[in-house]
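Trainee: Can you walk me through a structure that is new to me? Short answers are fine.

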Amino acid sequence: MGFSTDAIHAGQEPDPSTGAVVVPIYQTSTYAQEELGKHKGYEYSRTGNPTRTALERNMAVLEGGHSGLAFASGMAAIHAVLTMLKSGDHIVCTDGAYGGVPRLLDAVLKNFGLDCSYVDTSSADRVREALRPNTRMVFVETPTNPLMAVADLAAVAAITRQRKIQLVVDNTFLSPYFQRPLELGADIVVHSTTKYLNGHSDGVGGVAVLAREEDAARLQFIQNAAGAVMGPMDAWLVLRGIKTLAVRMRQHSANAMAVAGYLSQHPKVSKVYYPGLAAHPQHALAKKQMSGFGGMMSFETGSFENARAVLNRVRLCLLGESLGGVETLISHPATMTHAYFQEEDRQRIGITQGLVRLSVGIEDVEDLIGDLKQALEAI
Ligand SMILES: *Cc1c(COP(=O)(O)O)cnc(C)c1O
């Protein structure tokens with residue numbers, strides 16, 4: 001089946017008792033058993049819930065994996081995946097990854113004996129050089145937030161495969177509509193469903209999809225043991241969001257391409273980071289590995305004062321964290337999403353005080369460009 005057909009139907013048979021076309025919100029904690037030791041596959045909603053199961057099956061199909069597992073947030077999904085490791089294990093992680101990931105690794109999991117090195121994963125050689133005898137996982141985000149660096153997933157997978165290291169890819173920015181890491185050799189894909197999969201900025205959640213049955217069984221054990229599960233109402237909202245994922249992603253990408261083209265011509269903007277632009281350093285790789293460039297970009301205004309002037313003057317673009325919703329969001333990575341980093345780390349990665357990030361929504365693109373035009377006049 002094609003992607004949109006699967007997005008609408010996979011994991012979602014009409015309800016057997018009523019014929020309801022939409023999977024109901026099974027707002028229940030427990031399930032009556034027919035007799036001792038005999039039940040219909042559900043015993044307790046931390047372990048399993050039919051609305052959550054529908055989303056988990058749907059995501060497994062969309063990412064081309066063995067199983068999906070849904071969590072209370074993207075960070076809960078990532079935390080669960082990281083706890084598949086043991087004390088003494090070493091991780092190699094993208095240096096520009098979502099700020100919550102280094103925060104979790106350095107300020108929480110380090111206390112449990114997990115050690116992490118951060119490298120520029122847009123170079124497969126850097127990944128190889130960072131490997132140690134005890135490296136058990138490579139965690140890659142591509143494209144990165146907010147500088148849109150692209151990692152060559154097939155090249156990284158060739159390295160991790162050889163050494164039996166798990167390759168985990170955060171696919172939040174592109175969604176399976178534009179990028180399918182398991183097909184390129186990754187072992188596990190994680191998502192913040194809060195972003196494009198839900199798509200409507202009305203729920204927080206996360207999903208992990210695993211290529212292999214034994215990994216799926218282990219993560220399912222952890223999901224039940226630790227218990228950071230997605231609730232049925234949130235699972236239902238994500239299922240609803242995914243039905244329109246393909247049309248939304250196409251529009252996000254078309255709008256972003258137009259906005260990136262406009263900004264890259266603007267005299268007050270010195271640089272635009274968007275993989276769809278021919279000037280992007282990994283444009284050729286992006287074209288090969290991704291089937292679209294997505295809705296995320298950032299641009300350089302030159303100084304904190306300039307960035308503040310633009311952010312305070314926009315009217316249609318909403319100043320806020322998060323991304324991937326139908327509405328356009330604008331933010332200042334240095335003081336918002338990447339405030340946790342030390343200034344020297346931000347400098348090293350390239351997150352300047354003048355950098356502005358855009359999550360381009362699906363409004364009429366002329367309105368978005370008009371808003372950015374009037375805001376840039378403040379510089
Ligand atoms: C938002 C985000 C996360 C964290 O997800 P939450 O749902 O906020 O916990 C992880 N990775 C990326 C790329 C994100 O954008």
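Mentor: We start at the ligand and then turn to cysteines and backbone details.

Mentor: This is a predicted model, where local features need pLDDT of at least 70, side-chain atom pairs count only at pLDDT 80 or more, and totals for chains, interfaces and linings use all residues. Residues are numbered from 1 along each chain as its sequence is written, and side-chain values use heavy atoms, with hydrogens and water left out.

Trainee: Which residues come nearest to the ligand?

Mentor: Met75, Asp170, Ser192, Thr194 and Lys195, out of 13 residues around the ligand. A residue is near if one of its heavy atoms lies within 4 Å.

Trainee: What kinds of residues form that shell?

Mentor: Four are nonpolar, six polar and three charged. Here Ala, Val, Leu, Ile, Met, Phe, Trp, Tyr, Cys and Pro count as nonpolar, Asp, Glu, Lys and Arg as charged, and the others, Gly among them, as polar.

Trainee: Which helix gives the most to the shell?

Mentor: Helix 3, residues 74-82, with three residues. Helices (H or I, at least four residues) and strands (E, at least two) are DSSP runs, numbered from the N terminus.

Trainee: Which atom of the ligand does Asp170 face, and how far away is it?

Mentor: A nitrogen atom, 2.7 Å from a polar side-chain atom of Asp170. Ser192 has a polar side-chain atom 2.8 Å from a ligand oxygen. For Thr194, an N or O atom in the side chain is 2.7 Å from an oxygen atom of the ligand. The cut-off for a polar contact is a pair of N or O atoms within 3.5 Å.

Trainee: How much of the ligand does the protein cover?

Mentor: On its own the ligand has 380 Å² of accessible area, and the protein covers 92% of that. Accessible areas come from the Shrake-Rupley method with a 1.4 Å probe.

Trainee: New topic. How many disulfides does the structure hold?

Mentor: Zero. A disulfide is a covalent bond between the sulfur atoms of two cysteines. The cut-off used here is a pair of cysteine sulfur atoms within 2.5 Å.

Trainee: Why is there no bond at Cys93?

Mentor: Because the closest cysteine sulfur, in Cys116, is 4.8 Å from the sulfur of Cys93, too far for a bond.

Trainee: Are those two buried or exposed?

Mentor: Cys93 counts as buried because its relative accessibility is 0%. Cys116 is buried too, at 16%. Buried means under 20% relative accessible area, exposed over 50%, and partly exposed in between (1.4 Å probe, protein chains only).

Trainee: And where is Thr94?

Mentor: In strand 2, residues 90-94. Thr94 is buried, at 1% relative accessibility. Beyond residues up to four places away in sequence, its contacts (heavy atoms within 4.5 Å) include Tyr118, Phe139 and Glu141.

Trainee: Now the backbone. Which residues does a cis peptide bond join?

Mentor: Thr142 and Pro143, with omega about -5 degrees. The bond from Asn145 to Pro146 is also cis, with omega near 0 degrees. Pro143 sits in the loop between strand 4 (135-141) and helix 6 (153-162). Pro146 is in the loop between strand 4 and helix 6.

Trainee: Why point those out?

Mentor: Because most peptide bonds are trans, and most residues other than glycine have a negative phi.

Trainee: What is phi at Lys164?

Mentor: Near 55 degrees, a positive value. Lys164 lies in the loop between helix 6 and strand 5 (166-170). Lys164 is exposed, at 75% relative accessible area. Ser322 has a positive phi as well, near 80 degrees, and counts as partly exposed at 29%.

How values were computed: Polar contact = N/O pair within 3.5 Å; in protein donor to acceptor, adjacent residues only side chain to side chain.
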